[in-house]
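Q: Got a minute to go through this model with me? I'd like to start with one loop and then look at the overall fold.

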Amino acid sequence: MKKRSLQTKFATVLFLSIFAVCSISLFTASYVSNATNHARYVDLCKTVSETASAFINTNSLEGYFSGDDKIGYIETSTRISDLRASIPDIQAIMVYETSAEGIRTLVDTTSEEILGGLGNTKRYEQGWEEYKDSLLAGDTIEDADILSKSGRMLVYCNPIAASQDGNVYVCVGVLKSLIQDQNKAFLLGNMKVIGFVGLILYLLILVYVRKKIVLPVKKIRDYLAIATSDSDNKDLLLSDTSDLAINNELENIYTSFYKIYTSRVRLATAISKAKKESVDTIISLIKRMDNYTAAHLDNSLQYIILIVNKMREMDRYKNLISDKEYEDLILAAPLHDIGKLAIPEHIIGKPGKFNDEEYEIAKKHAKLGSKIIEDLYYKNPCEEYLVLARDIALYHHERWDGGGYPCGLKGEDIPLTVRIVSVADVFDALVSKRVYKQAFSFEESFNTILSERGRFFDPEIVDIVAGLKDEMYEIFFRSTKNRQEEESK
């Protein structure tokens, strides 16, 4: 049997060591990701269930079941169906009444029939039997494993009312196959990254050891062989010679490295394309909410670009807003109101002033929007502008004096880009007609922005806006003219 060289032994040990470290790292990352991903979907189901609960008038439940309030029932089920459709990851939203005999269905978005078995009590089945005692006790169930027609689901059940025989629940489900697919995608992506890093380490360490250890040891060995022989060349030190086996080995490693690198480039390109299509779809969905929303996104963005261009001419800001941040802001700003998709239509479109309860629900759009964008970023981590979009969605209702929501940030604790978006967003809201108010004139709106300097808005940004009055009027004039032309058609 041929004896293996020192370099071959070391290469084998190095490969096994790096393989072991990479495997442990991959297992740990996969375990943490699976747990985080699972918790993230439980939290999403909880948020959706709380939102859907706001659509249901608990005092009318018996009228829904008996059929005495058909109009109210149809309105409620339609809103719940629209909510499910607006959040692609959610598989089903169900409203059940539980009793000792079984489950009675009020709403089931997976049913093709509008009533979905309304009024019929069915025995516990498909995994519900396991949770019967908790359902009868009115407990919240955060992680039910339910077999449905579409496959196995993770279901969050939120009790909203007690009934004569049991309790009424809003249950929200996500397909476990979706979670598993995301876990597999994460595992595959990390396998490539860790393999890529492992191969680089293997290559660098192998080259370094060859130069610093293997070749010196080989020279000493050859010298001792000459020195202990009968040769007349005992004073001859052998020069370095090429080791063809090692060269071939390095060439193979380089070839593998190149294949992994090109594969990652193709993967990044595919992810980028998929991202753009997803975000474009979401923006289109936001714009379809109503005519005001579509125009508001376009107009606000024009005001934002105008303000940022002016700021970048100033010494104070030219290093704070880089080209990359400018491009990210243009992509991120139109997503600031995405959370409104998850707010009930009767609240968002209410023609009058909100009561306290409605206002609290409407305020949730900031956190909901941040959550939706965070989920999108989780699937497309190479798209860094989604981080900025998440912050804008969360903080665009914060105030300079700390009186805003949802976090009560104050002054420069509010990100600079958010402070810019806030001024543009409020100004366009003032000059636009809304369901709850008439449009203010340009002068009234402009003076309102100036009057809120240091209270609602960053004083320095308001000062910049004060010098852009003519340019802002041009945007306002074009927008007003376009709107009038559309209304006259």
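**A loop residue, then the fold**

A: Sure. Asp458 sits in the loop between helix H15 (442-451) and helix H16 (459-466). Keep in mind that this is a predicted model.

Q: Is Asp458 buried or exposed?

A: Asp458 counts as buried, because its relative accessibility is 5% and the cut-off for buried is under 20%.

Q: Which residues does Asp458 contact, leaving aside its neighbours within four places in sequence?

A: Trp400 and Arg419. Also, the C-alpha atoms of Asp458 and Ile414 are 9.5 Å apart, with their positions 44 residues apart along the chain.

Q: And what lies 2.9 Å from a polar atom of the Asp458 side chain?

A: That's the backbone nitrogen of Glu460.

Q: OK, switching to the sheet. What's the strand order?

A: S3-S2-S1-S6-S5-S4, in an open sheet of 6 strands with antiparallel pairing. Strand S3 (121-122) and strand S4 (141-148) are at the edges with a single partner strand each, so one side of each has no neighbour in the sheet.

Q: How many bridges join S2 to S3?

A: 2 bridges, with strand S2 (residues 103-108) running antiparallel to S3. Arg104 has Thr121 in S3 as its bridge partner.

Q: Which helix packs on the sheet?

A: Helix H3 (residues 70-86) does, touching strand S1 (92-98) and S2. The direction of H3 makes about 140° with that of S1.

Q: Last one: how many helices and strands are in the protein chain?

A: 17 helices and 6 strands. Of its 489 residues, 42% count as buried.

Key:
Residues are numbered from 1 along each chain as its sequence is written. This is a predicted model: local features need pLDDT of at least 70, side-chain atom pairs count only at pLDDT 80 or more; totals for chains, interfaces and linings use all residues. Side-chain values use heavy atoms; hydrogens and water are left out. Helices (H or I, at least four residues) and strands (E, at least two) are DSSP runs, numbered from the N terminus. Buried means under 20% relative accessible area, exposed over 50%, partly exposed in between (1.4 Å probe, protein chains only). Two strands pair if DSSP finds at least two bridges between them. Contact means heavy atoms within 4.5 Å. Axes are lines fitted to C-alpha atoms, for helices over the stretch in contact, and angles run from 0 to 180 degrees between N-to-C directions. A polar contact is a pair of N or O atoms within 3.5 Å; within protein, one must be able to donate a hydrogen and the other to accept it, and residues adjacent in sequence count only if both atoms are side-chain atoms.
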